[in-house]
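Colleague: Could you take a close look at one part of this model for me, and then tie in whatever else seems worth knowing? I'd like it as one connected walk-through.

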Amino acid sequence: MKTSSNLPAIFIALLGWVFAVILVLFIDPQMQIAVPVFFVIVFINIFTTCLVLLKNKKRSFIYSLALILFLFLRYFGMGNLLNFILIIGIVISIEIFTFPR
């Protein structure tokens, strides 16, 4: 039976969330690089957090990509309930067709 330690992933996730909080609190949002760096850091954080919780890289990638897509839509003022439901529907469709039971 294979046993794997989640300590590196947990450490990366915690360090990433600390870095994201520091970015939000101390970096001026008007800086040109702040927004893309924020999206990349949040993507990595959501991915590692989902990886620790789900222990599945493909599902973690899909969930983090969906959340980043919704945050990206919110950034441009297009994130509403309908778009959220459509993104969830796409994620459920991907789950059904790519992950057999």
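Modeller: Let's start with Ile92, which sits in helix 4, the run covering residues 81-98. Keep in mind that this is a predicted model. Ile92 has a relative accessibility of 47%, so it counts as partly exposed, given that the exposed class begins over 50%. Ile92 also belongs to a nonpolar surface patch of about 750 Å², shared with Leu81, Phe84, Ile85, Ile88, Ile96 and Phe97.

Stay on helix 4 for a moment, since Glu95 is there too. The side chain of Glu95 meets that of Arg59 in a salt bridge, with 3.1 Å from N to O. The pair links distant parts of the chain: Arg59 belongs to helix 3, and the two residues are 36 apart. How many salt bridges does the structure hold? Just one. And are its two partners buried or exposed? Glu95 comes out at 17% relative accessibility and therefore counts as buried, the limit being under 20%. Arg59 has a relative accessible area of 29%, so this partner is partly exposed.

Helix 3 spans 57-75, and the loop between helix 2 and helix 3 is where you'll find Lys55. Have a look at the backbone there: Lys55 has a positive phi of about 60 degrees, although this residue is not a glycine. With a relative accessibility of 59%, Lys55 counts as exposed, because that value is over 50%.

Now for the empty space. Rolling a probe the size of a water molecule over the atoms shows where such space is left. Here the largest pocket has a volume of about 210 Å³. Which residues line the largest pocket? They are Leu23, Val24, Ile27, Pro29, Ala34, Val35, Phe38, Phe39 and Tyr75. By class, that lining is made of nine nonpolar residues, with no polar and no charged ones. As for where they come from, helix 1 (7-26) and helix 2 (34-54) each supply at least two residues of the lining. Helix 2 gives the most, with four residues.

So, going back over the part you asked about: helix 4 holds Ile92, and Ile92 is one of the residues that make the nonpolar surface patch. Helix 4 also carries Glu95, whose salt-bridge partner Arg59 is in helix 3.

Technical notes
Residues numbered from 1 in each chain as written. Predicted model: local features only at pLDDT ≥ 70, side-chain atom pairs only at ≥ 80, totals over all residues. Heavy atoms only, no water. Patch = residues over 30% accessible without salt bridge, like charges linked within 9 Å, V, L, I, M, F, W, Y side chains within 5 Å. Areas by Shrake-Rupley, 256 points an atom, 1.4 Å probe, with all protein chains shown as cover. Salt bridge = Lys/Arg side-chain N within 4 Å of Asp/Glu carboxyl O. Buried < 20%, exposed > 50% of the residue type's maximum accessible area, 1.4 Å probe, protein only. 1 Å grid on protein atoms, 1.4 Å probe; cavity = no way out; pocket = protein on both sides within 12 Å on 5 of 7 lines; lining within 4 Å. Points joined across faces, edges and corners; volume = space filled by probe spheres on them. Nonpolar A, V, L, I, M, F, W, Y, C, P; charged D, E, K, R; others polar.
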